[in-house]
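Biologist: Please take a close look at a single part of this model, the packing in the interior. I should like to know how that part is put together and what surrounds it.

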Amino acid sequence: MRMVACHDSDVRDWIALLKPRVMSLVVFSGLIGLLVAPGHLNPVLAFTAVLCIAIAAGACGAINMWYDRDIDALMRRTRGRPIPAGRIEPGAALGYGITLAVGSVIVMGLAVNHVAAGMLALSIAFYVFVYTMWLKRRTPQNIVIGGAAGAFPPVIGWAAVTGSVDLIPLVLFAIIFMWTPPHFWSLALFANDDYRRAKVPMLPVVAGGKETRRQIVIYTLLLVPLSLAPWLLGFSGPVYAVAASVLGAGFLVSVWRVATDRQDATGVSLTNDAPARAAFKFSIAYLFVLFAALAIDHCVGRIV
Amino acid sequence: MADPPRMTEAEAAAFRRRQKGRNIAMLLVLIGLSALFFAITIVKMTKF
């Protein structure tokens, strides 16, 4: 058989298209929405709901990588991705993403319920059309508004159990929404050169490091009291309240270090953005532990 | 139009290895989905 040289993909490339690291936080927050919702869902259907959320998030990742393949090729952090590296054809990645997106919504609708499927479709559409195609390259508020896409999973998880959307999942939505700017702008501070090269108008590129650090502190100051809302609304108990307070204090200390980082007159860090790197890592742990505390508190509440 | 360059033996072996990996992954996905849809059907049927 005659074989010709061509670029070829590995299974790992197709997994990489799904952005598995982003997927893990999405799956976790979706699972929490499902666990804390009142009512019961058959474990097989609960597994299906979480799987659909995971696949939909992966599909968004694949479509995002298809759309952003030109700027991904310019950024050090992303130039090794399967499409810019030439291992997967752009059209194939798009087809893969659309198939998974449509498939996940159909399965959610047939196996779980139509409200959860509708919310899932809405979150995919928001991420692809509003964030990726519209906001990302146009405004430094891209991740503020686009953050809503990442805030959907607990609402979808809740809807999977209850078939409706109530105040509590909307509070969880708001928590992730407020968490997104300090999380992403911490990353943007130390990935500033990449974003500038790719002409992505992230806040540090457009407004500079000083303003970005100020905005990170403002959003964290809004996030910390908001994180206590489930307790204030009587939905969770002291376990969650203590966890949210301690984590909030830790997050505030972390972003305060970002704000007071040694910097030159133009706001460029003189410490290689060490505090921003630490705040970025802390922000991920913050959301994981905060939501885990909510679920633990809920279990404790059911037992006691 | 010139013919595309031929693969060397080593490249062809690597190509087949990756192709085999993709086929196995596809098989596992299909088996997993079949099992899932079967389980969903059983759950839905026992509900009514």
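Modeller: Helix axes are lines fitted to C-alpha atoms over the stretch in contact, and their angles run from 0 to 180 degrees between N-to-C directions. The model is a predicted one, in which local features need pLDDT of at least 70 and side-chain atom pairs count only at pLDDT 80 or more, whereas totals for chains, interfaces and linings use all residues. Residues are numbered from 1 along each chain as its sequence is written, with chains lettered from A and ligands numbered from 1 in the order in which they are written.

Helix α13 (residues 238-259) and helix α14 (residues 274-303) of chain A (helices being DSSP runs, H or I, of at least four residues, numbered from the N terminus) have axes that come within 9 Å and cross at roughly 175°. The two are therefore roughly antiparallel (angles over 145 degrees). Where α13(A) meets α14(A), the contact consists of 20 nonpolar, two polar and two charged residues; Ala, Val, Leu, Ile, Met, Phe, Trp, Tyr, Cys and Pro count as nonpolar, Asp, Glu, Lys and Arg as charged, and the others, Gly among them, as polar.

The largest nonpolar core (buried Ala, Val, Leu, Ile, Met, Phe, Trp, Tyr and Cys residues joined through C-beta atoms within 7 Å) has 100 residues. A residue is buried with 20 or more other C-beta atoms within 10 Å of its own, exposed with 12 or fewer and partly exposed in between. Those touching the most other members are A:A49, A:I53, A:A56, A:A62, A:M108, A:A116 and A:L120. Helix α3 (residues 43-67) of chain A supplies the largest share of this core, 16 residues. Domain 1 (11-163) and domain 2 (166-304) of chain A each contribute at least three residues to it.

Around A:L120, leaving out residues up to four places away in sequence, the residues touched (C-beta atoms within 7 Å) are A:C52, A:I53, A:A56, A:S104, A:V105, A:M108 and A:I156.

The C-alpha centres of the two domains of chain A, whose bounds come from an automatic or database domain assignment, lie 21 Å apart. Their contact takes 27 residues from domain 1 and 25 residues from domain 2. On the domain 1 side, α2 (20-36), α7 (142-151) and α8 (153-162) each supply at least two residues, and α2(A) gives the most, with seven residues. That side of domain 1 divides into 17 nonpolar, five polar and five charged residues.

Notes: Two residues are in contact if their C-beta atoms, placed from the backbone, lie within 7 Å. Angles under 35 degrees count as roughly parallel, over 145 as roughly antiparallel, 65 to 115 as roughly perpendicular and the rest as oblique.
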